[in-house]
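Biologist: Please take me closely through one part of this model, and through what lies on either side of it, with the cut-offs behind each term.

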Amino acid sequence: MKIIVTGGAGFIGSNFIHYMMKKHPEYAIVNVDALTYAGNPHNLRAVEKLDGYRFVQADIADRKALEPVFAAESIDAVINFAAESHVDRSIVQPDIFVRTNVLGTQTLLDLTKQYGVGKFVQVSTDEVYGTLGAAGLFTEATPLAPNSPYSASKAGADLLVRAYYETYGMNVNITRCSNNYGPYQFPEKLIPLMIQNALDDKPLPVYGDGLHVRDWLYVEDHCRAIDLVLHQGAPGEIYNVGGMNERTNIEVVRRIVAELGKPESLITYVQDRLGHDRRYAIDASKIQRELGWIPMYDYESGIKSTIEWYLNHAKWLENVRTGAYRGGHS
């Protein structure tokens, strides 16, 4: 199988490529990434010399740059991880999110249709559903009600994917995941940011009262789910992927502080984010029932493994912080 993976130099995309090259060494993967600030070519040092791996630097909204990739060889599937994903940035620059997440997805869909690619998997987010109260779970039938420019752009992309299935009969799937964590995550996100700041004895900024709830999913479990959807997902279906590990933000931060032996006095409450969703929680029973997926990591083992990874990869973290990995894909 030959697969185009977009956004493969990012957090989830690079973890997925590592996972697939190990599980399916006979597969060929073309990694298409624009290498924006969160795309780190060093994430893929372990696979870049493998015969089945190829990198193409391109923006998914740039049809002229993408078309040769589709035209050069017979592609069996496209998995779209490429996205602007940080909510805070979307509040300041929503136009960038619309261009990449909406127009970029439409460009990929159009080329997938034009070149007869057999499968398109859109990697989305639980944030398209909006927010929950104290009870309840997001299911695949939950209406879309995004509350940030980021989540609105992802919801728009999801609707385009659905439209290409309904209009053109394309074989598509959409996955919607809860909050991922694990190796290679860019340190603007909660867990790596808190680890980095705690190691440097810097303040740990927590939005509002710290009681916003997220369902935490270890990234390798997410990769396993996408692999199953790629091979077994029924055409047109949506699959929620959740870790079933609800924690408040302040619980997560306190756990990191305790693991690193740092004082809780580093925790600093800051003004809440605009439109900050109070709670997300995923019902993943459909993918469990239909595809047999179950998470292998509970929160306790996952967070410990994640902290250990960052402690053991201090050079990676420093390179990300200073931008030392810039200069292209080696």
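**The sheet and its coverings**

Modeller: In this predicted model, seven strands form an open sheet in the order 3-2-1-4-5-6-10, with parallel pairing (two strands pair if DSSP finds at least two bridges between them; helices, H or I of at least four residues, and strands, E of at least two, are DSSP runs numbered from the N terminus). Strand 3 (53-57) and strand 10 (238-241) are the edges, and because each has a single partner strand, one side of each has no neighbour in the sheet. From one strand to the next the twist averages 20°.

Residues are numbered from 1 along each chain as its sequence is written, and since this is a predicted model, local features need pLDDT of at least 70 and side-chain atom pairs count only at pLDDT 80 or more, whereas totals for chains, interfaces and linings use all residues. Side-chain values use heavy atoms, with hydrogens and water left out.

Let me look closely at strand 2 (28-33). Six of its six residues are buried, so strand 2 is largely enclosed by the rest of the structure (buried means under 20% relative accessible area, exposed over 50%, and partly exposed in between, with a 1.4 Å probe and protein chains only). In a regular strand the side chains alternate between the two faces of the sheet. Here both faces are covered, with Ala28, Val30 and Val32 buried on one side and Ile29, Asn31 and Asp33 buried on the other.

On one flank, five parallel bridges pair strand 2 with strand 1, and Lys2 has Ala28 as its bridge partner. These two strands, together with helix 1, make a right-handed β-α-β unit (right-handed if, with the strands pointing away from the viewer, the path from the first strand over the helix to the second runs clockwise). On the other flank, strand 2 is joined to strand 3 by five bridges, again in the parallel sense, and Val32 has Val56 as its bridge partner.

Helix 2 (residues 63-72) lies across strand 1 (2-6), strand 2, strand 3 and strand 4 (77-80), and it runs at about 175° to strand 2 (axes are lines fitted to C-alpha atoms, for helices over the stretch in contact, and angles run from 0 to 180 degrees between N-to-C directions). Helix 4 (residues 94-114) lies across strand 1, strand 4 and strand 5 (119-125), at about 165° to strand 5.

Leading into strand 2 is the loop after helix 1 (11-23), where His24 is placed. His24 is buried, with a relative accessible area of 11%, and a polar contact of 3.2 Å joins its side chain to that of Asp227 (a pair of N or O atoms within 3.5 Å; within protein, one must be able to donate a hydrogen and the other to accept it, and residues adjacent in sequence count only if both atoms are side-chain atoms). Leaving aside neighbours within four places in sequence, His24 is in contact with Asp227 and His231, where contact means heavy atoms within 4.5 Å.

Met1, in the segment before strand 1, is partly exposed at 37% relative accessibility. Not counting residues up to four places away in sequence, Met1 touches Tyr27, Ala28, Asp76, Leu230 and His231, and its C-alpha atom is 8.0 Å from that of Ala77, 76 residues apart along the chain.
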